[in-house]
Amino acid sequence: MISEYKKAIEKLLARNDLSCRQFFRKHGYTLELAYCELLDDNLEEAYKLFEFVKDNDIRAHWGMFMISLIRGDVKEYPSYFELRNFLEIDLNILINYFKGNYVENIIRYADFMFTINPEVHKFIGRVLYNNRLKDNAMFFLNRAKDYFYNDPELHYLLAYIYYQDKDYANVQTALDNCLYILPDYYPAVSMKRKLLNKI
């Protein structure tokens, strides 16, 4: 049963394949079934399923909030940890399922979500960059810098992007910013060593 569940989850997460819906329904995986309904544009049914299990699953509460963002009618409020644990993952799933309108509706609330978790702009920027939406990603990463400058991971992420672009002057600046905030941040220390060979 576990391996069947893993296969069904793999289909849901990675393959743009909702054929796993029957497995989830048959075996009582309500949360996973709610995601299938969401990805099939059945928002009302997805919301009901999330609501049914919200007391037993923090991700279901997050799902309800996400649907309220998609609808543009915020009725739920997420926790700091819901944003940290689920925002990036679910944006990635929505992008994989070509739900650009859902993604746009969610990220319109970035400034609001920032008031709950100050890393939100970074999460959004990272997932957009990882999905080859670099210009959009840089908008959110630079906004993250404006709002939550003292995040060493953010400066390292910017350094990484500049490094991929061979923009070594900006790599240096981003690394200096990172190491000023956290002098022993190992990924930045390591990249700085690599950078010495490039300049």
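This passage describes the fold of one protein chain, its helix packing and some individual residues.

The model is predicted: local features need pLDDT of at least 70, side-chain atom pairs count only at pLDDT 80 or more, and totals for chains, interfaces and linings use all residues. Residues are numbered from 1 along each chain as its sequence is written, and side-chain values use heavy atoms, with hydrogens and water left out.

The chain holds 13 helices and zero strands. Here helices (H or I, at least four residues) and strands (E, at least two) are DSSP runs, numbered from the N terminus. Along the sequence the pattern reads α-α-α-α-α-α-α-α-α-α-α-α-α. The C-alpha atoms fill a box of roughly 60 × 35 × 30 Å along the principal axes. The chain has 199 residues, and 47% of them count as buried. Buried means under 20% relative accessible area, exposed means over 50%, and partly exposed lies in between (1.4 Å probe, protein chains only). Contacts were also sorted by sequence separation. A contact means heavy atoms within 4.5 Å. Among contacts between residues at least 6 apart in sequence, 49% join residues at least 24 apart.

Helix α9 spans residues 120–130, and 10 of its 11 residues are buried, so the rest of the structure largely encloses this helix. The buried residues are V120, H121, K122, F123, I124, G125, R126, V127, L128 and Y129. They pack against five helices, listed here with their residue ranges: α6 (80–96), α7 (100–107), α8 (110–114), α10 (134–147) and α11 (152–164).

One of these partners, α6, packs with α9 at an angle of about 30°, and the two axes are 10 Å apart. Axes are lines fitted to C-alpha atoms, for helices over the stretch in contact, and angles run from 0 to 180 degrees between N-to-C directions. The helices α6 and α9 are therefore roughly parallel. Angles under 35 degrees count as roughly parallel, over 145 as roughly antiparallel, 65 to 115 as roughly perpendicular, and the rest as oblique. The crossing of α6 and α9 is right-handed. A crossing is right-handed if the near helix is turned clockwise from the far one by less than a right angle, and left-handed if anticlockwise. On the α6 side, the contact uses L83, R84, L87, E88, L91, N92 and I95; on the α9 side, V120, F123, I124, R126, V127 and L128. By class, this contact has nine nonpolar, one polar and three charged residues. Ala, Val, Leu, Ile, Met, Phe, Trp, Tyr, Cys and Pro count as nonpolar, Asp, Glu, Lys and Arg as charged, and the others, Gly among them, as polar.

A second helix pair involves α12 (residues 168–181) and α13 (residues 186–198), which pack at an angle of about 150° with axes 10 Å apart. These two helices are therefore roughly antiparallel. Their crossing is left-handed. From α12, the contact draws on Y168, V171, Q172, L175, D176, C178 and L179; from α13, it draws on A188, V189, M191, K192, L195 and K198. Nine nonpolar, one polar and three charged residues make up this contact. Within it, C178 of α12 is buried, at 0% relative accessibility.

The cysteines were examined next. A disulfide is a covalent bond between the sulfur atoms of two cysteines. The cut-off used is a pair of cysteine sulfur atoms within 2.5 Å. The whole structure contains zero disulfides. C36 is in no disulfide, and the nearest cysteine sulfur, that of C20, is 4.1 Å away. C36 is buried, with a relative accessible area of 0%.

C36 is also touched by R21, a residue whose contacts include L33, E37, D40 and N42 as well, not counting residues up to four places away in sequence. R21 sits in helix α2 (residues 21–27). R21 is buried, with a relative accessible area of 14%.

Two loop residues have an unusual backbone angle. Most residues other than glycine have a negative phi. R132, just after α9, takes a positive phi of about 60°. This residue is found in the loop between α9 and α10. R132 is exposed, with a relative accessible area of 77%. K166 also has a positive phi of about 60°, although it is not a glycine. K166 lies in the loop between α11 and α12. It is exposed too, with a relative accessible area of 60%.
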